[in-house]
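Visitor: I would like a close look at a single part of this model. Please take it slowly and explain the terms.

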Amino acid sequence: MITKINSCGLKGIDGYIISVETGVSGGFPAWEIVGLPDASVRESKERIRSALNNTGYVVPGRRIVINLAPADVKKEGAYLDLPITVGLLTASEQIFCGSLSKAAFMGELSLDGAVRRIDGVLPMVIKAYQSGMTEIFVPFDNAEEAAVVSGANVYGVRSLGQLIDHLTGKRMIAPTKVNIDEIFGKAAKYTYDFSEVKGQENVKRAMEVAAAGGHNVLLIGPPGSGKTMLAQRLPTILPDLTFDEALESTKIHSIAGKMPKGAPMILTRPFRSPHHTVSAVALSGGGSNPKPGEISLSHNGVLFLDELPEFRKDALEVMRQPLEDGVVTITRVQGSYSYPCNVMLVASMNPCPCGYYGDRKHDCTCTPKKIAAYLGKVSGPLLDRIDLHIEVPAVEYDELDSKEKPESSADIKKRVDRARKIQTERYRGTGVYSNSGLTPSLVEKYCVLSGAANNMLKAAFESLGMSGRAYNRVLKVARTIADLDGSDIIGESHIAEAVQYRSLDRKFWA
Ligand SMILES: Nc1ncnc2c1ncn2[C@@H]1O[C@H](COP(=O)(O)OP(=O)(O)OP(=O)(O)O)[C@@H](O)[C@H]1O
Ligand SMILES: [Mg+2]
């Protein structure tokens, strides 16, 4: 007898339907799996044999052929254990159940018949449901994440025995339900808040500008000045995730096996801070069995590169294109995979190897040559993708000691939200979402300066020896500052502040 069981595989961040066809016929006992299975799929035979035996069933001593269709796509991972087993049980007529044409199965088996959690359940379930499947069987530990797909009946399966009891009508598994509105309605919760950062008003203002325009940021300052602390708090003043953004971020975390425990969805903007020894593949994604990298895990959130000059050059280089395009594309013999990576990049560094170059209280012990070599580790093209350079001076004692409560993230966020709303409306239909994404022609169209502002920019351009690129960046940042101010026209004060965020170019890289 031949049976067809539905399952789902992964390509990039989306699922695709796999049909598991099982044929059991007379003849010499043999078991073959065809349809480009990789080693982990071929090894499923051993897991399935043991799981069946431990559940009171057998691999029939006949000729078994399993075809994984479409046959030209490589199948990897152990999630096909479950559909193959159901195919085997039905084709060999060890169990009898109703039609399974609207059912899909995915899950890994352990030798004793328990069903183990797998990665990438959410995109798979979304695809299965879109393809008309309404009864979806997943590992119990993945059930909440899968149940985010409302409309489908999602069953969390603990063991093969439990699944067989359900399919044969002996004892039904209750479908897992999650209340999306309730989960999503909960206000985003962060463990950090800007009110914990004392003083540093200028720096906080710069972070507000960065958040309001989606600009990349470089923080430069001596050790202990609070760079890491400030970067960690950036997500708390970014606009709330929309449902679609949350779904996409969840897909990526699901595929990478990085879902936080007990959470069916990613509800806050991701903040990722990979160590500077991170490899190019771990940062950008890839590998022989492609997975999203840190830059994609930060999608819709913040990628923080602490101690930027310490990162491997090759790792930073491969990140440049994705930063520009908002997507990582990985090409393999089996096809190409894309992972989105719309991130705000925040980088931090000391101004020199000892950390105190330009500091008022400590003497710098580095030679000019050493400083130049240190700064030279950060390549020009990467620096060019960073709109704001913010100097973070050492915090003063009086500021730390102050009893005054600094402004909370929620208050700052209100202003950011307002500025973002102006941008969303202004750029509707252009494919641009925030000022940081403006193309040169859009800069020309939307960055309109008052006469005085124009004169000021001209003077700054000449006296500071700005490049054409720096000029464009100043305009974009000035656009954001004007938006925070609720002003259509960019005025003098907006230009003056924007120019200030380029001053580090001169100070440190002159
Ligand atoms: N403005 C501030 N208000 C309150 N605490 C602060 C402030 N600045 C620094 N701190 C304290 O100092 C600690 C060190 O700050 P942080 O790690 O952010 O410094 P850093 O600039 O990243 O240093 P490094 O260059 O060594 O990485 C913080 O955890 C915090 O406790
Ligand atoms: Mg730090």
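Visitor: Why is helix H4 described as largely enclosed by the rest of the structure?

Guide: This is a predicted model, in which local features need pLDDT of at least 70 and side-chain atom pairs count only at pLDDT 80 or more, while totals for chains, interfaces and linings use all residues. Residues are numbered from 1 along each chain as its sequence is written, and chains are lettered from A and ligands numbered from 1 in the order in which they are written.

Helix H4 covers residues 121–130, and 8 of its 10 residues are buried, so the rest of the structure largely encloses it. Buried means that 20 or more other C-beta atoms, placed from the backbone, lie within 10 Å of the residue's own. The helix itself is a DSSP run (H or I, at least four residues), numbered from the N terminus. Starting from residue 121, the buried residues of H4 are Val121, Leu122, Pro123, Met124 and Val125, followed by Lys127, Ala128 and Tyr129. Just after H4 comes Gly132, with a positive phi of about 100°.

For a second place to look, turn to ligand 1. Around ligand 1 there are 15 residues, each with its C-beta atom, placed from the backbone, within 6 Å of the ligand. Pro223, Gly226, Lys227, Thr228 and Met229 are the closest. Helix H9, residues 227–232, supplies the largest share of this shell, 3 residues. By type, the shell around ligand 1 holds 5 nonpolar, 8 polar and 2 charged residues. Here Ala, Val, Leu, Ile, Met, Phe, Trp, Tyr, Cys and Pro count as nonpolar, Asp, Glu, Lys and Arg as charged, and the others, Gly among them, as polar.

Definitions and conventions
Helix = DSSP H or I, 4+ residues; strand = E, 2+ residues; numbered from the N terminus. Buried ≥ 20, exposed ≤ 12 C-beta atoms within 10 Å, placed from the backbone.
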